[in-house]
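Open the model in your viewer and keep the sequence panel visible. The tour below goes from one selection to the next and says what to look for at each stop.

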Amino acid sequence: SDILELGRKLNDLDNEIAARQAALDEANEDRRRLRDELHNSQRNSTTASRQLMQLRDQFSSFRRDAVTVRRVDLSSRAEEYDAAQTRLQEEQRRCRDLEMTMSQTKGNDAAIMAQKE
């Protein structure tokens, strides 16, 4: 009976280890996914920044050459500028959110590892 009880305890421990490993694997997969999302968001943010700078330069040029630029075209470029600026702000906010989530995920990973020990 002691051997049976010991066998059950060993089985329970094996199951607990497997469950913790599965939780750790899932956390690592979430972390990889979040890291990929963060990198994509950073690339999008960089692209939006470049587009914004190009549009700002065009906008400045159009301002200087206002005599030759029709008001409708200038207005259209201003709307593009505003839209690009909005996209940049959204990507930067998303970047911050993903960085915060990544930070929280690392904390959760540390807690899972502490439980394993």
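The stops below cover the helices, the nonpolar cores, an aromatic pair, the salt bridges and a few single residues in this predicted model.

**Stop 1: helix α1**

Select residues 2–64, which make up helix α1. This helix has 63 residues, and the distance from its first C-alpha to its last is 91 Å. That is close to the 93 Å expected at 1.5 Å a residue.

Now colour the buried residues of α1: Leu24, Ala27, Leu34, Leu38, Ser41, Ser45, Ala48, Leu52, Leu55, Phe59 and Phe62. Several of these names return at later stops.

**Stop 2: the nonpolar cores**

Add helix α2, residues 71–116, to the view. Then select Ala48, Leu52, Leu55, Tyr81, Ala84 and Leu88, the 6 residues of the largest nonpolar core. Both α1 and α2 give two or more residues to this core. In soluble globular proteins, nonpolar side chains tend to be buried together.

Stay on Leu88 and show what surrounds it. Which residues does leucine 88 contact, leaving aside its neighbours within four places in sequence? They are Ser45, Ala48, Ser49 and Leu52. Of these, Ala48 and Leu52 are also listed in the largest core.

A second, separate core has 5 residues, including Leu34, Cys95, Leu98 and Met102. Select those four to find the place.

**Stop 3: serine 41**

Move to serine 41 in helix α1. Is serine 41 buried or exposed? Serine 41 counts as buried because its relative accessibility is 0%. Show its contacts, without the neighbours within four places in sequence: Glu91, Arg94, Cys95 and Leu98. Cys95 and Leu98 were named in the second core, and Arg94 comes back at the salt bridges.

**Stop 4: the aromatic pair**

Select phenylalanine 59 and tyrosine 81. A pair of aromatic rings is described by the distance of the centres and the angle of the planes. How many aromatic pairs does the count give? The count comes to 1. In this pair, phenylalanine 59 and tyrosine 81 are stacked, at 5.9 Å centre to centre with 15° between the planes. Phenylalanine 59 lies in helix α1 and tyrosine 81 in helix α2, so the pair ties together parts that are 22 residues apart in sequence. Phenylalanine 59 counts as buried, because its relative accessibility is 16%. Tyrosine 81 is also a member of the largest nonpolar core.

**Stop 5: the salt bridges**

Side chains of opposite charge can pair when their charged atoms come close. The structure holds 5 salt bridges, and three of them are described here.

Begin with arginine 32 and glutamate 29, whose closest N and O atoms are 3.2 Å apart. Both residues lie in helix α1, 3 residues apart, which is about one turn of the helix. Arginine 32 is partly exposed at 38% relative accessible area, and glutamate 29 is partly exposed at 43%.

Next, select arginine 33 and glutamate 37. Their salt bridge has its closest N and O atoms 2.8 Å apart. These two also lie in helix α1, 4 residues apart, again about one turn of the helix. Arginine 33 is partly exposed at 41% relative accessibility, and glutamate 37 is partly exposed at 24%.

Keep glutamate 37 selected and add arginine 94. Here the closest N and O atoms are 3.6 Å apart. This pair links distant parts of the chain, with arginine 94 in helix α2 and glutamate 37 in helix α1, 57 residues apart. Arginine 94 is partly exposed, with a relative accessible area of 36%. Through shared partners, salt bridges join Arg33, Glu37 and Arg94 into one network.

**Stop 6: further along α2**

Select threonine 105 in helix α2. Threonine 105 is buried, with a relative accessible area of 10%. Not counting residues up to four places away in sequence, threonine 105 touches Ala27, Arg31 and Leu34. Ala27 and Leu34 are among the buried residues of α1.

End at glutamine 115, also found in helix α2. Glutamine 115 is partly exposed, with a relative accessible area of 49%. Where does arginine 20 lie relative to glutamine 115? The two are 95 residues apart in sequence and 8.2 Å apart in space, C-alpha to C-alpha.

Terms used: Residues are numbered from 1 along each chain as its sequence is written. This is a predicted model: local features need pLDDT of at least 70, side-chain atom pairs count only at pLDDT 80 or more; totals for chains, interfaces and linings use all residues. Side-chain values use heavy atoms; hydrogens and water are left out. Buried means under 20% relative accessible area, exposed over 50%, partly exposed in between (1.4 Å probe, protein chains only). Contact means heavy atoms within 4.5 Å. A salt bridge is a side-chain nitrogen of Lys or Arg within 4 Å of a carboxyl oxygen of Asp or Glu. The expected span of a helix is 1.5 Å times one less than its number of residues. A nonpolar core is a set of buried Ala, Val, Leu, Ile, Met, Phe, Trp, Tyr and Cys residues joined through side-chain atoms within 4.5 Å. Rings of Phe, Tyr and Trp (its six-membered ring) pair if their centres lie within 6.5 Å; planes under 30 degrees apart count as stacked, over 60 as edge-to-face and the rest as tilted.
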